[in-house]
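Here are my notes on this model, as numbered points. Please read them with the structure open.

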Amino acid sequence: RLAVAEEKASVSQARLCLAFRTNTSDSDGAFPALALAQMVLGGGSHAKLFREVREKASLAYDAYASLERTKGLMLLSAGVDPSETARAEGLILAQVEAVRAGLISKREWSDSRRTLLNAVLTTGDSPGRRIAAHFEAWLNGSPRSPEETRRALLAVTPDEASASARRWAHAATFRLLDRRRGPR
């Protein structure tokens, strides 16, 4: 069942937050596919949310997806014009469906993989990030060396990432709207 919550405040930028249960745990062998699917959807300026919702449709100031590994959640967030929240939300959900359908360009795939591989490579550059990564892996029962993580990411195919995306379940939507404007 989808939980929906709205709040109103005096804001010039509305916030949309959509939570999905990933149905994939950090210790699951399919986690690398989930990580790549999330990156394709909203992992940076190369990703669908940024390119389609922000750049092409000009509906968002920012749009991204992040994983909350311990709880098994993927959070999609966007800052949008308060008068465009419904349209932006529809386009965000369309990007989720595109990833599920396997509509992943070669560029989206290669940029997403490169971004994740770089994150693995540079984790050791910061003691704080290294400790946090180790603690999170330990907490989730999924300790992997950077080399194991790198090999796992390189083995994932776009079809496996799409299959992972088909496991996502939209669990909640939160909208922070401008109280000075009428209903969406």
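Is Trp168 buried or exposed? The first point takes this up.

1. **Trp168.** Trp168 is buried, at a relative accessible area of 4%. The cut-off for buried is under 20%, so Trp168 falls in that class. Look for Trp168 in the loop between helix 7 and strand 5, which covers residues 169-178. Setting aside neighbours within four places in sequence, Trp168 contacts Phe20, Arg21, Thr22, Leu34, Ala37, Gln38, Leu41, Met74, Val96, Val99 and Arg100. One of these partners, Val96, is 72 residues away from Trp168 in sequence. In space, the C-alpha atoms of Trp168 and Val96 are 9.1 Å apart.

2. **Confidence.** This is a predicted model. Mean pLDDT for the protein chain is 91. A value of 70 or more is reached by 98% of the residues. Where is confidence lowest, and where is it highest? The low is helix 5, with a mean of 79. The high is helix 7 (residues 158-165), at 98.

3. **Overall fold.** The protein chain has 7 helices and 5 strands. From the N terminus, the order is β-β-α-α-β-β-α-α-α-α-α-β. The radius of gyration is 17 Å, close to the 16 Å that the globule rule gives for 184 residues, so the protein chain is as compact as a globular protein of that length. The C-alpha trace spans about 55 × 35 × 30 Å along its principal axes. Among contacts with a separation of 6 or more, 79% join residues 24 or more positions apart.

4. **Surface and charge.** Of the 184 residues, 39% count as buried. The protein chain exposes about 9700 Å². Carbon and sulfur atoms supply 54% of that area. There are 28 positive and 21 negative charges. How far apart are the mean positions of these two sets? They are 1 Å apart.

5. **Gln38.** This residue is one of the Trp168 partners. Gln38 sits in helix 1, which covers residues 31-42. Its relative accessibility is 8%, so Gln38 counts as buried. Beyond four places in sequence, Gln38 touches Gly43, Ala65, Ser66, Leu67, Met74 and Trp168. Met74 also appears among the contacts of Trp168.

6. **Ser112.** Which residues does Ser112 contact, leaving aside neighbours within four places in sequence? They are Leu36, Met39, Val40 and His46. Ser112 belongs to helix 4, residues 106-122. The relative accessible area of Ser112 is 0%, so this serine is buried.

7. **Asn140.** This asparagine lies in the loop between helix 5 (127-139) and helix 6 (146-155). Keep in mind that helix 5 has the lowest mean confidence, at 79. Why does Asn140 count as buried? Its relative accessibility is 14%, and the cut-off for buried is under 20%. Not counting residues up to four places away in sequence, Asn140 touches Asp26, Ser27, Arg69 and Thr70. Asn140 and Ser27 are 113 residues apart in sequence. Their C-alpha atoms are 6.6 Å apart in space.

8. **Positive phi at Asn23 and Ser58.** Check the backbone at both places. Asn23 has a positive phi of about 55°, although it is not a glycine. Asn23 lies in the loop between strand 2 (14-21) and helix 1 (31-42). At 42% relative accessibility, Asn23 is partly exposed. Ser58 has a positive phi of about 50° and is not a glycine either. Ser58 is in the loop between helix 2 (48-56) and strand 3 (60-68). With 60% relative accessibility, Ser58 counts as exposed.

9. **Glu55.** Is Glu55 buried, partly exposed or exposed? At 41% relative accessibility, Glu55 counts as partly exposed. Glu55 is part of helix 2. Ser45 is 10 residues away from Glu55 in sequence. From C-alpha to C-alpha, Glu55 and Ser45 are 9.3 Å apart in space.

Definitions and conventions: Residues numbered from 1 in each chain as written. Predicted model: local features only at pLDDT ≥ 70, side-chain atom pairs only at ≥ 80, totals over all residues. Heavy atoms only, no water. Helix = DSSP H or I, 4+ residues; strand = E, 2+ residues; numbered from the N terminus. Rg over C-alpha atoms; globule rule 2.2 N^0.38 Å. Buried < 20%, exposed > 50% of the residue type's maximum accessible area, 1.4 Å probe, protein only. Contact = heavy atoms within 4.5 Å. Areas by Shrake-Rupley, 256 points an atom, 1.4 Å probe, with all protein chains shown as cover. Lys, Arg positive; Asp, Glu negative; His and termini not counted. Charge placed at Lys NZ, Arg CZ, Asp CG, Glu CD. pLDDT = per-residue confidence, 0-100.
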